[in-house]
Amino acid sequence: MTTVTEHYASHLAPVYLWMAGGLDAAISRGEAEIDLVCPSGADGLIAVDLGAGFGMHTVSLARRGYSVVAIDTSAILLGILRDQVDTLPVRIVEDDFVAFQKHLDGKANLLLCMGDTLTHLPEQRSVEQLFADIADSLQVGGRFIATFRDYSTPLTDTSRFIPVKGDNDRILTCFLEYADHHVTVHDVLHERSGSSWQQRVSAYQKLRLSTEWVAQALQAKGFSVRIEQGFAGMVRVVATAHTHPSS
Ligand SMILES: C[S@@+](CC[C@H](N)C(=O)[O-])C[C@H]1O[C@@H](n2cnc3c(N)ncnc32)[C@H](O)[C@@H]1O
């Protein structure tokens, strides 16, 4: 079993943009999602994108005036983001996002963790600690927004084989193997090589977080929580910090 960082470095990151349908389409989807959750302008406000990847949401936040700290462990995906930011107010940080506080100068107005990134943490305890750190780092009235897949109900038999993306030269299929608290995600990549196909497989673990557990864990840290239907079958959680946790 590889770590999340190794899995992205050696397997997923090199094909990630292809998997996302190309840069322009992905940035447009990010724009549409940010339109829904942060419709107004935000000059000078501070946002942090946890697990920013190639910047699907970072770019849109920066375009509407947020100063964004974009944190990710994938040098490949952050390289794609770096090529896009030009003069946009984005600080790119290659680090584990659980250490996000050391990259913040003051309190943030918005923290994002989009695209099923929350489930990449190793244990539920790590998610609870992250929520505590987020509560500590947000301005009163600030928001934490996450989208994730609820893996609490296991898929069975052949439904565990998920066709992710395919074209004439490449096919990505995902196979899910369920354990009590984790799901092992096997990413099976077929790539055309001349007249034959090469198969490469890499697997990593994701957390099986239920929507109810995430909502309760956030409420326990003083957030009011709204649950919505996100894009591509994901759950979207919008959590608002009402009081400072230490007040
Ligand atoms: C499924 S992708 C989502 C990327 C982006 N948020 C989006 O919506 O397109 C998950 C991202 O989280 C990053 N990641 C996973 N665990 C991480 C961690 N502990 N610290 C920093 N980045 C992490 C991966 O490198 C990857 O870019």
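**View A. The side chains of T58 and D49 meet in a polar contact of 2.7 Å.** This is a close-up from a predicted model. T58 belongs to helix 3, which covers residues 58-63. With 0% relative accessibility, T58 counts as buried. Leaving aside residues up to four places away in sequence, T58 touches D49, A52, V68, A70, L81 and V90. So D49 turns up twice here: in that set of neighbours, and as the side-chain partner in the polar contact, all around a residue that counts as buried because its relative accessibility is 0%.

**View B. Helix 1 packs on helix 4 at an angle of about 30 degrees.** Here we're looking at residues 4-19 (helix 1) and residues 75-85 (helix 4), whose axes lie 8 Å apart. Angles under 35 degrees count as roughly parallel, so that's the label this pair gets. Helix 1 brings Y8, A9, A13, P14, Y16 and L17 to the contact, while helix 4 brings I76, L77 and I80. Sort those contact residues by type and you get nine nonpolar, no polar and no charged.

**View C. C38 and C113 sit with their sulfurs 14 Å apart.** Why is C38 not bonded to C113? A disulfide needs the two sulfurs within 2.5 Å, and at 14 Å the sulfur of C113, the closest cysteine sulfur to that of C38, is too far for a bond. Go from the other end and the story holds: C113 is in no disulfide, and its nearest cysteine sulfur is that of C38. The structure as a whole holds zero disulfides. As for accessibility, C38 counts as buried at 3%, and C113 counts as buried at 0%.

Conventions: Residues are numbered from 1 along each chain as its sequence is written. This is a predicted model: local features need pLDDT of at least 70, side-chain atom pairs count only at pLDDT 80 or more; totals for chains, interfaces and linings use all residues. Side-chain values use heavy atoms; hydrogens and water are left out. Buried means under 20% relative accessible area, exposed over 50%, partly exposed in between (1.4 Å probe, protein chains only). Axes are lines fitted to C-alpha atoms, for helices over the stretch in contact, and angles run from 0 to 180 degrees between N-to-C directions. Helices (H or I, at least four residues) and strands (E, at least two) are DSSP runs, numbered from the N terminus. Angles under 35 degrees count as roughly parallel, over 145 as roughly antiparallel, 65 to 115 as roughly perpendicular and the rest as oblique. Contact means heavy atoms within 4.5 Å. Ala, Val, Leu, Ile, Met, Phe, Trp, Tyr, Cys and Pro count as nonpolar, Asp, Glu, Lys and Arg as charged, and the others, Gly among them, as polar. A polar contact is a pair of N or O atoms within 3.5 Å; within protein, one must be able to donate a hydrogen and the other to accept it, and residues adjacent in sequence count only if both atoms are side-chain atoms.
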